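This report introduces the interior of one protein structure to a reader new to it. It turns from the packed parts to the open spaces.

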Amino acid sequence: MMKIQGLKEYMMSATSQRLQIRMQADQEELALRIARATPRDGSFEVQPGVHFRRTSTAAEAVHGFSEPAFCLIAQGSKTIQLGENRFRYDTAHYLITTVGLPLSGQVIDASAQRPFLGFRLMLDPSIVADVMMESGRLSSRDEGGDVKAIDVSALDAELLDATLRLVRLTGTPSEFRILAPLVVREIVYRLLTGAQGNRMRHLATFSGQAHRMVRAVEKLRQNFDKPLRIEDVARELRMSVSGFHAHFKAVTAMSPLQFQKQLRLQEARRLMLSESLDAAEAGYRVGYDDASHFNREYKRRFGKPPMRDIERLREMAGAAE
């Protein structure tokens with residue numbers, strides 16, 4: 001009996017070692033292929049819905065909007081900030097976002113010799129719904145309604161393998177057109193059956209609280225420059241004010257007013273940077289009537305007063321050219 005138990009433990013250990021060797025080889029190939037496809041720093045859409053990212057230096061946080069996506073890191077590490085929640089992920093983890101949210105991301109491990117290399121696959125809700133139905137992994141009406149719209153989980157060998165096969169296909173457009181949809185469906189299936197299955201079901205839930213929160217986020221994004229009346233939004237979603245507020249914060253990690261503020265400040269920053277508006281005009285365009293209030297909120301969010309922040313961003317852009 002002791003010999004049989006020892007043999008089982010040996011076989012399990014040997015299997016685990018083979019799995020680790022396989023994952024390391026896949027990770028190295030993934031990094032090599034992304035590095036070859038990104039000759040310089042930046043973000044590249046190498047095929048529709050498939051993006052590679054290369055960054056050669058650890059830098060300050062970059063503010064922007066998430067979209068529904070599955071993300072892997074082939075080399076390096078990164079942190080993501082959503083409201084008060086901070087997530088760190090690296091080559092051993094993957095990240096999923098399911099709703100368009102204002103985020104800040106910071107590459108914290110990168111160098112010219114070993115640049116940060118990232119992979120991002122945009123997630124199509126219709127494909128997620130189709131795979132859910134085909135696999136029989138349908139959710140109940142309110143399942144996952146209070147699951148945050150972003151999280152990080154440990155990467156497993158099968159998900160890494162499927163991702164690598166998709167990356168291989170990006171180099172041959174004729175094969176990508178035919179085979180990539182099959183691999184994408186496999187990736188979606190593995191995400192649905194993995195640690196973030198409930199989060200994936202946000203993308204395919206057409207009733208219940210999850211869908212209501214997606215509708216609320218879209219409404220706020222479309223009307224961020226207008227006064228926010230929580231009662232009106234809750235009524236439109238057929239929810240109580242307290243229920244709407246609680247569910248919204250559970251999914252986005254922010255109250256509706258905090259969410260609107262982040263939308264306004266990021267849009268004001270874009271207007272000053274790309275359209276050369278001054279701080280007062282940008283603040284007014286995004287819904288601030290009081291310039292001093294706008295300046296205070298902006299500095300609290302980005303660390304510097306508006307025009308000093310924009311000057312710094314322009315200097316950084318000039319140095320990178």
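Which residues have the most contacts inside the largest nonpolar core?

## The largest nonpolar core

In this predicted model, the largest nonpolar core holds 48 residues. Those with the most contacts inside this core are Leu82, Leu101, Phe244, Phe248, Phe259 and Phe294. Helix α9, residues 256-274, supplies the largest share of the core, with six residues. In general, nonpolar side chains in soluble globular proteins tend to be buried together.

Phe294 illustrates the contacts of one such residue. Leaving aside residues up to four places away in sequence, Phe294 touches Leu265, Ala268, Met272, Ala279, Gly283, Tyr288 and Pro306.

## Another core

Apart from the largest core lies another, of 35 residues. Phe70, Tyr94, Leu155 and Leu203 are among them.

## The largest pocket

The largest pocket has a volume of about 1400 Å³. It is lined by 47 residues, of which Arg53, Val62, His63, Lys78 and Gly105 are the closest to its centre. The lining divides into 22 nonpolar, 14 polar and 11 charged residues.

## The second largest pocket

The second largest pocket encloses about 260 Å³ of space. The elements that give two or more residues to its lining are α9 and α11, the latter spanning 291-302. The largest share, four residues, comes from α9.

Residues lining the second largest pocket include Gly83, Glu84, Lys249, Gln258, Leu265 and Arg300. By type, this lining has three nonpolar, three polar and six charged residues. Leu265 thus appears in this lining and also among the residues that Phe294 touches.

Technical notes:
Residues numbered from 1 in each chain as written. Predicted model: local features only at pLDDT ≥ 70, side-chain atom pairs only at ≥ 80, totals over all residues. Heavy atoms only, no water. Core = buried A, V, L, I, M, F, W, Y, C linked by side-chain atoms within 4.5 Å. Buried < 20%, exposed > 50% of the residue type's maximum accessible area, 1.4 Å probe, protein only. Contact = heavy atoms within 4.5 Å. 1 Å grid on protein atoms, 1.4 Å probe; cavity = no way out; pocket = protein on both sides within 12 Å on 5 of 7 lines; lining within 4 Å. Points joined across faces, edges and corners; volume = space filled by probe spheres on them. Nonpolar A, V, L, I, M, F, W, Y, C, P; charged D, E, K, R; others polar.
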